[in-house]
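Colleague: I'm new to this one, so please pick a single part and take me through it closely. Start with whatever I need to get my bearings.

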Amino acid sequence: MNEIKTEHFKFTQHRTCEFFPCHKTEKPEEFNCLFCYCPLYALGENCGGNFHYLENGVKDCSECMVPHVKGKGYDHVMSKFSEIMELARKK
């Protein structure tokens with residue numbers, strides 16, 4: 001029996017979005033919109049992305065492409081999911 005393997009669920013684009021692509025990229029054809037709002041934002045400094053904090057303390061991710069990289073972004077977000085779950089755990 002042949003095993004069916006798919007990776008298509010890890011990538012999607014919304015080219016009709018008014019903001020596409022929402023980050024500067026040399027390869028818009030590889031820009032992944034799956035995590036339009038990054039689930040790693042709440043991890044603060046532990047997200048693993050390219051961010052900085054503004055003077056007012058707000059995390060600025062405008063230069064981060066980590067969740068948007070085709071083939072790598074999904075895997076990185078999933079590798080951090082246990083940390084996200086811990087933040088949401090009922091105390």
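Modeller: Let's settle one bit of vocabulary before anything else: helices are DSSP runs of H or I with at least four residues, strands are E runs with at least two, and both are numbered from the N terminus. Keep in mind too that this is a predicted model.

With that in hand, the layout is quick to read. The chain holds two helices and two strands, in the order β-β-α-α from the N terminus on. Its C-alpha atoms fit a box of roughly 55 × 35 × 20 Å along the principal axes. Of its 91 residues, 23% count as buried. If you take the contacts between residues at least 6 apart in sequence, 45% of them join residues at least 24 apart.

Now for the part I'd like to zoom in on, the largest pocket. Its volume is about 470 Å³. It is lined by 24 residues, and those closest to its centre are Cys22, His23, Cys36, Tyr37 and His68. By type, the lining splits into 18 nonpolar residues, five polar ones and one charged.

Let's stay with His68 for a while. You'll find it in the loop that runs between strand E2 (59–60) and helix H1 (73–79). Is His68 buried or exposed? It counts as buried, because its relative accessibility is 3% and the cut-off for buried is under 20%. Its side chain has two polar partners worth finding on screen. One is the side chain of His23, with a polar contact at 3.4 Å. The other is the backbone oxygen of Asn32, which the His68 side chain reaches at 2.8 Å. Once you set aside neighbours within four places in sequence, the residues in contact with His68 are Cys22, His23, Glu30, Phe31, Asn32 and Phe35. Cys22 and His23 in that list are also among the residues closest to the pocket centre.

Tyr37 is another of those central residues, and it sits in the segment before E1. Here the label flips: Tyr37 is exposed, because its relative accessible area is 74%, and exposed means over 50%. Tyr37 and Pro67 are 30 residues apart along the chain, with 9.2 Å between their C-alpha atoms.

While you're in that stretch of the chain, have a look at Pro21, which is found in the segment before strand E1 (52–53). Most peptide bonds are trans. The one joining Phe20 and Pro21 is cis, with omega at about -20°.

Phe11 belongs to the segment before E1 as well. It counts as partly exposed, because its relative accessibility is 24%, and the partly exposed range lies between the 20% and 50% cut-offs. Beyond residues up to four places away, Phe11 touches Glu29, Glu30, Phe31, Asn32 and Lys70. Glu30, Phe31 and Asn32 turned up for His68 too.

Next, move from the pocket to what is packed inside. In soluble globular proteins, nonpolar side chains tend to be buried together. In this chain, the largest nonpolar core has seven residues: Phe35, Leu40, Leu43, Cys47, Tyr74, Val77 and Ile84. Val77 touches Phe35, Pro39, Leu40 and Pro67, again leaving out residues up to four places away. Phe35 is a handy link back to the pocket, since it is in contact with His68.

Phe35 also leads you to Gly73, which lies in helix H1. Gly73 counts as buried because its relative accessibility is 0%. Outside its sequence neighbours within four places, Gly73 is in contact with Phe35, Val66 and Pro67.

One last stop is Lys59, in strand E2. Lys59 counts as buried because its relative accessibility is 7%. Where does its side chain go? It reaches the backbone oxygen of Tyr41 at 3.2 Å and that of Gly44 at 2.9 Å. Apart from residues up to four places away, Lys59 touches Leu40, Tyr41, Gly44, Cys47, Phe51, His52 and Tyr53. Leu40 and Cys47 are members of the largest nonpolar core. As for the pocket, the C-alpha atoms of Lys59 and Cys36 are 16 Å apart, with their positions 23 residues apart in sequence.

Definitions and conventions
Residues numbered from 1 in each chain as written. Predicted model: local features only at pLDDT ≥ 70, side-chain atom pairs only at ≥ 80, totals over all residues. Heavy atoms only, no water. 1 Å grid on protein atoms, 1.4 Å probe; cavity = no way out; pocket = protein on both sides within 12 Å on 5 of 7 lines; lining within 4 Å. Points joined across faces, edges and corners; volume = space filled by probe spheres on them. Nonpolar A, V, L, I, M, F, W, Y, C, P; charged D, E, K, R; others polar. Core = buried A, V, L, I, M, F, W, Y, C linked by side-chain atoms within 4.5 Å. Buried < 20%, exposed > 50% of the residue type's maximum accessible area, 1.4 Å probe, protein only. Contact = heavy atoms within 4.5 Å. Polar contact = N/O pair within 3.5 Å; in protein donor to acceptor, adjacent residues only side chain to side chain.
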